[in-house]
Amino acid sequence: MSRLTSAIKNRKYTFFRAQLGVRRHLADSVAYRAYRATTDIDYFFHVFPDRKLIYVEVPKAGCTTVKRLLSICAYGINHDDDPEAYHSRRKSGLLAPSDVGVKLFESLLRDPETLIFSVVRNPFSRLRSCYLNKFFELKLSDPGNTGLIEQLMGDMTSLSSSDIDRDQLSFDSFVKGACTTAALGKNGHWSLMSAIIPNSSDFRIEIIKLESLAEGLNPVLARLGASEEIRNSLAKPLNQSAPTPGIAWTRPLVDAVRRAYAEDFRRFGYDADYRAG
């Protein structure tokens, strides 16, 4: 693959190097330092220039609910009949940094009036939700699922014989796989939240916990001019997980999560002894 072809395929490369142009300017760019600090800035950052607002998405931490509020309040787009549509930029109207251009994105990051926020979740609850939503009903024998399994496990040969016999990934196997690949940034749904959200001295990111989402979003909703009806709709569940099976947080699984997600527990102030029900 030629260097040009590779650059075209790598949106982060073309966004930050092609638009910034001269390499010596990269060191002075807040946008470039933000790019270096996260796993995929053009996927996880959502920019609202007119509102001086930036949302840093963390999958499996209320992102459907937040995207819904942003899409409705900023653009008047409602997809409540199909919540998955909020994850499509074309359908939701949400803009990536590359959509607004590096110059404007840079100025927003530098502007002290810009509200940059993200929503986090207890790592145990987040992993449980990811398993129920992504893997509980997944058939291992379906070739269409091979890529996702390899992102989680590293290799299909890592699957246990019992999982293969049942044609279903067990919760135990999922957690072990997630802990092994959490720091690699292969899939944001179980990646470290601290690897997605930059920890930068260049700008401040307001951290909202999903456990107190309605209260935490008040400054965001105020900036968006959200109606009382929209505020009340925060209680409306979106993209609920599949029915809860009999999964258990055994001591070995808890210890594995505590080690693999230690930075998330520390940085976002969660109790590493917490167990999802």
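## Loops with positive phi

Helices, taken as DSSP runs of H or I with at least four residues, and strands, taken as runs of E with at least two, are numbered here from the N terminus. The model is a predicted one, and on this numbering Asp167 lies in the loop that separates helix H11 (161-166) from helix H12 (171-181). The phi angle of Asp167 is near 60°, a positive value in a residue other than glycine.

A positive phi is also found at Lys60, again a residue other than glycine, where the angle is near 65°. Lys60 belongs to the loop between strand E2 (53-56) and helix H5 (63-75), and because its relative accessible area is 12%, under the 20% cut-off, Lys60 counts as buried.

## The four-stranded sheet

Strand E2 is part of an open sheet of four strands, arranged in the order E1-E2-E3-E4 and with mixed pairing. The edges are occupied by strand E1 (45-48) and strand E4 (206-209), each of which has a single partner strand, so that one side of each is left without a neighbour in the sheet. With direction ignored, neighbouring strands of this sheet are turned by 20° against each other on average.

E1 and E2 run antiparallel and are joined by four bridges; in the pairing of these strands, Phe45 has Val56 of E2 as its bridge partner.

## Nonpolar cores

The largest nonpolar core contains 57 residues, and the members that touch the most others are Phe105, Leu109, Phe135, Phe174, Trp249, Val257 and Tyr261. Helix H9 (residues 123-135) supplies the largest share of this core, namely six residues. A second core, separate from that one, has 24 residues, among them Leu70, Ala74, Leu221 and Ile230.

## Helix H17 and its surroundings

Val257, already named among the core members with the most contacts to other members, is one of the buried residues of helix H17 (residues 251-260), together with Leu253, Val254 and Ala256. Viewed down the axis of H17, these buried residues fall within an arc of 160°, and they therefore line one face of the helix. As a general point, an α-helix has 3.6 residues a turn, so residues three or four places apart point the same way.

On the face of H17 turned away from its buried side are the exposed residues Pro252 and Arg259. The cover over the buried residues of H17 includes H9, H12 and helix H18 (262-268); of these, H9 is also the helix that gives the largest share of the 57-residue core.

How values were computed: Residues are numbered from 1 along each chain as its sequence is written. This is a predicted model: local features need pLDDT of at least 70, side-chain atom pairs count only at pLDDT 80 or more; totals for chains, interfaces and linings use all residues. Side-chain values use heavy atoms; hydrogens and water are left out. A nonpolar core is a set of buried Ala, Val, Leu, Ile, Met, Phe, Trp, Tyr and Cys residues joined through side-chain atoms within 4.5 Å. Buried means under 20% relative accessible area, exposed over 50%, partly exposed in between (1.4 Å probe, protein chains only). The arc is that of the directions from the helix axis to the C-beta atoms. Contact means heavy atoms within 4.5 Å. Two strands pair if DSSP finds at least two bridges between them. Axes are lines fitted to C-alpha atoms, for helices over the stretch in contact, and angles run from 0 to 180 degrees between N-to-C directions.
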